[in-house]
Amino acid sequence: MAEFAKRRIGPTSLEVTVLGLGCATLGGTRIPVTRPEAEAIVRAAWEGGVRYVDAAPYYGFGQAERAVGDALRDEPRDDWVLSTKVGRLLRPFPQVPPEPGRRHPLPFGVAYDYSYDGIMRSVEDSLQRLGLARIDILYVHDIGRYQHGEAHPGLMRTLRESGYRALETLKNSGTVKAIGIGVNEREVLLEALEWGEWDAFLLAGRYTLLEQGPLDDLLPLCLARGTSIVVGGPLNSGILAGRDTWNYRTAPPDVIARVDAIRAVCDSHGVPLPAAALQFPLAHPAVAAIIPGPRDAEEFDANVGLLQYPIPAALWDDLRQAKLLHPDVPTPA
């Protein structure tokens, strides 16, 4: 079992292993994953030393939360950190229709609800699905224009004027220890920092070896405010792991060309591209953890090896000289 370093979440007492387990793939909505396979991934992570697990009602329309709870229920609860999410309530068919393009392991669809009542209901539902008595970190899931388009201002107003009170109530009562937002865009996080106090943001795919836009605005602000960053999707949906997907769809030519250039530098140093991709985000002081989502237990084991792979400092220098990294980006020692 690996001994992973731990980092604190914002101003809270929570500490997470720098390698966490992202559970989106456990849901089996994009690729088939059975319940036994999902639980095997969670057990592999536990036995491999991971003590931070991130789930959501949306992942498998309930399957991921069930798998996490069943796999870890007998482990000492104070030994690990669990995050899940609010913002989507699960509703049975036919109250809501199936979501196009996704497998539905369980017969539920989603209804967005960022209100006080919706968030409180979501937490109760998650505790039941998990079969656990506690959630540690609660993220507001997929608020923002990236997900909701023109409906975003109204939904954000609901969160600010109603749902945020639920988050404060849950934290002040000790039901959760940390609150945050989990999204695929930095813009909504900058907006949320204007009116709320947040312990952590789960930012998927936007601070990676491929993309460093948040370095100019979000990450310095998070450092100043004491808000931790958890990096989801450190492999950018697979493009940094040798697959052709980026942002959950086929990568465009310009992204493929940039990844090929990064890979060429890694190859020149004898370093696998995914090793550099997994290690890169953790060099920033605002980042508490990365949470890749392995598709099976073997892929989890491979990620552990990649995270520990020796990388010469010259590789990062060469990427910077080739203008493939932000000039001011911190890189692993």
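Over the ring of which residue does the charged end of R77 sit? In this predicted model, the ring in question is that of W80, whose centre lies 4.3 Å from the charged end of R77. A second arginine is placed in a similar setting: R51 lies over the face of W46, at 3.5 Å from the ring centre.

Aromatic rings also meet one another here, and the count comes to eight aromatic pairs. W198 and F201 make up one of them, a tilted pair with 6.3 Å from centre to centre and 45° between the planes. Both of these residues are buried. Another tilted pair joins Y207 to F280, at 5.4 Å centre to centre and with 35° between the planes. This pair links distant parts of the chain, 73 residues apart: Y207 belongs to the loop between strand 10 (200-204) and helix 7 (218-225), F280 to the loop between helix 9 (273-279) and strand 14 (287-291). Y207 and F280 are buried. Returning to W198 and F201, these two join Y164 and W195 in one aromatic cluster.

The backbone has some points worth a look as well. Most residues other than glycine have a negative phi, and most peptide bonds are trans. F93 and P94, however, are joined by a cis peptide bond, with omega at about 0°; P94 lies in the loop between strand 6 (88-92) and strand 7 (108-112). S237, not a glycine, has a positive phi of about 65°, and is found in the loop between strand 11 (228-232) and strand 12 (245-246). N247, also not a glycine, has a positive phi of about 55° and sits in the loop between strand 12 and strand 13 (249-250). S237 counts as partly exposed because its relative accessibility is 26%, whereas N247, at 10%, counts as buried.

Definitions and conventions: Residues numbered from 1 in each chain as written. Predicted model: local features only at pLDDT ≥ 70, side-chain atom pairs only at ≥ 80, totals over all residues. Heavy atoms only, no water. Helix = DSSP H or I, 4+ residues; strand = E, 2+ residues; numbered from the N terminus. Buried < 20%, exposed > 50% of the residue type's maximum accessible area, 1.4 Å probe, protein only. Phe/Tyr/Trp six-rings, centres within 6.5 Å; stacked < 30°, edge-to-face > 60°. Lys NZ or Arg CZ within 6 Å of the ring centre and 35° of its normal.
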